[in-house]
Structure formats: structure tokens, C-alpha cells
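Hi everyone, thanks for making time for this. I'd like to walk you through a structure that may be new to you, so let me put it on the screen.

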Amino acid sequence: MPHVIVEYTDNIKEEAEIGGLLKKINASLIDSGGVFPIAGIRSRAIELQDYVVADGSEDDAFVHVALKIGGGRSEEQLTAACDKLFEVVKEHFAGLFEKRYLALSMEVEEFTRPTYKQNNIHKRYKK
């Protein structure tokens, strides 16, 4: 963990540069001072084609980031990492935000129960 899921409306597909956003998200998590193990980071995006924003009368858009993590981090560590991550998202979409109506949001889900996983990518980062 963490896993990041970016949902975005298809009406911004051409300008959103989602591949670049995913790389920035991973870089932000990696640069969080060891809060998240590099080999556990997974980011993915889902383009939404069926959605209604507000009253549906305009071509409004949204991007929602879901950060799913296991437990074990202090509140201070988590707040700092999440604040930084949301700043990355806002900076990525700053130009688009100026040109059109766009809602940006992020949620954090911290699992309280154990997660089930198997990952040999960690070997590459053990020194």
C-alpha cells in the first residue's frame, strides 16, 4: 500500500494528462520521507463516461482521488503526506481549473483490518 485511484470525467480527457498525473502522484508518495514503501505504491485512473455534475445543465468536470492505505502511520505523517499529495493534484490541474468548471477532491481510506497481499517488488528496494 498505498493504492491511488483517480476517477476523472471524460470531458477533460484531452487536456488532463492523466499519465503525467499518475507519475506525479507516485513521486509525491515516494518523496514523503519513507511514510510509504516504494514497492507498495500503485496508481491507476478510471475515465468516467456516465456521470452528472451538479444539476447536469453544464459541461462540468471533476477529478476525484482516492488514497487507500494500511494503518500504522502517525496523524502528523499522514496529514503532511496527504496535504502534499493534494497540492500536487491542484497544481497539475491549475491551468484547466482556470479555463473551465472543475471540481477536485481527495479522500483517504485507512484500513482498520489486515490486508491480504503478496508482493515481491519490495526485494528490489531492500538494500
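Reading from the N terminus, the elements of the protein chain come in the order β-α-α-β-β-α-α-β-α. That gives 5 helices and 4 strands in the protein chain. Please keep in mind that what you see is a predicted model.

A few overall numbers, to get our bearings. Taken along the principal axes, the C-alpha atoms of the protein chain fill a box of roughly 50 × 30 × 25 Å. The protein chain has 127 residues, and 37% of them count as buried. Now look at the contacts between residues at least 6 apart in sequence: 82% of these join residues at least 24 apart.

Let's start with the sheet. In what order do its strands lie? The order is S2-S1-S3-S4, in an open sheet of 4 strands with mixed pairing. The edges are taken by S2 and by strand S4, residues 102–110. Each of these two has a single partner strand, so one side of each is left without a neighbour in the sheet. From one strand to the next, the twist averages 15 degrees.

A quick reminder for anyone who hasn't looked at a sheet in a while: strands pair through backbone hydrogen bonds, and the pairing is either parallel or antiparallel. Strand S1, residues 3–9, shows us both kinds. With strand S2, residues 42–48, S1 pairs in the parallel sense over 7 bridges. If you want to find that pairing on the screen, look for His 3, which stands opposite Arg 42 in S2, or for Val 6, whose bridge partner in S2 is Ala 45. With strand S3, residues 61–69, S1 pairs in the antiparallel sense over 6 bridges. Here a good marker is Val 4, standing opposite Leu 67 in S3.

So is S1 largely enclosed or largely open? It is largely enclosed by the rest of the structure, because 6 of its 7 residues are buried.

Now for the helices, beginning with H3, residues 75–92. H3 packs on the sheet, where it touches S3 and S4, and its direction makes about 155 degrees with that of S4.

H3 also meets another helix, H2, which covers residues 18–30. The axes of H2 and H3 come within 9 Å and cross at roughly 155 degrees. This angle makes H2 roughly antiparallel to H3. The crossing of H2 past H3 is right-handed. Which residues make the contact? On the H2 side they are Gly 20, Leu 21, Lys 24, Ile 25, Ser 28 and Leu 29, and on the H3 side Lys 84, Leu 85, Val 88, Val 89 and His 92. Sorted by character, the residues of this contact are 6 nonpolar, 3 polar and 2 charged.

His 92 brings us to a little helix neighbourhood I'd like to show you. Ala 16 lies in helix H1, residues 13–16. Leaving aside residues up to four places away in sequence, Ala 16 touches His 92 and Phe 93. Ala 16 has a relative accessible area of 2%, so it is buried. There is a long-range relation here too: Ala 16 and Arg 100 are 84 residues apart along the chain, and their C-alpha atoms are separated by 12 Å.

Step along to Glu 17 and we are in the loop between H1 and H2. Is Glu 17 buried or exposed? It is exposed, because its relative accessible area is 56%. Its backbone deserves a look as well: phi of Glu 17 is near 50 degrees, a positive value in a residue other than glycine.

My last stop is Ala 54, in the loop between S2 and S3. Ala 54 is not a glycine, yet it has a positive phi of about 55 degrees. With 69% relative accessibility, Ala 54 counts as exposed. To place it against the rest of the chain, take Ser 74: Ala 54 and Ser 74 are 20 residues apart in sequence, and from C-alpha to C-alpha they are 36 Å apart in space.

If you take one picture home, let it be the open sheet in the order S2-S1-S3-S4, with H3 packed on it and touching S3 and S4, and H2 running roughly antiparallel to H3. Thanks for listening, and I'm happy to go back to any part of the model on the screen.

Notes. Residues numbered from 1 in each chain as written. Predicted model: local features only at pLDDT ≥ 70, side-chain atom pairs only at ≥ 80, totals over all residues. Heavy atoms only, no water. Axes fitted to C-alpha atoms, helices over the stretch in contact; angles between N-to-C directions. Parallel < 35°, antiparallel > 145°, perpendicular 65-115°, else oblique. Left-handed = near helix turned anticlockwise from the far one by under 90°. Contact = heavy atoms within 4.5 Å. Nonpolar A, V, L, I, M, F, W, Y, C, P; charged D, E, K, R; others polar. Buried < 20%, exposed > 50% of the residue type's maximum accessible area, 1.4 Å probe, protein only. Pairing = 2+ DSSP bridges.
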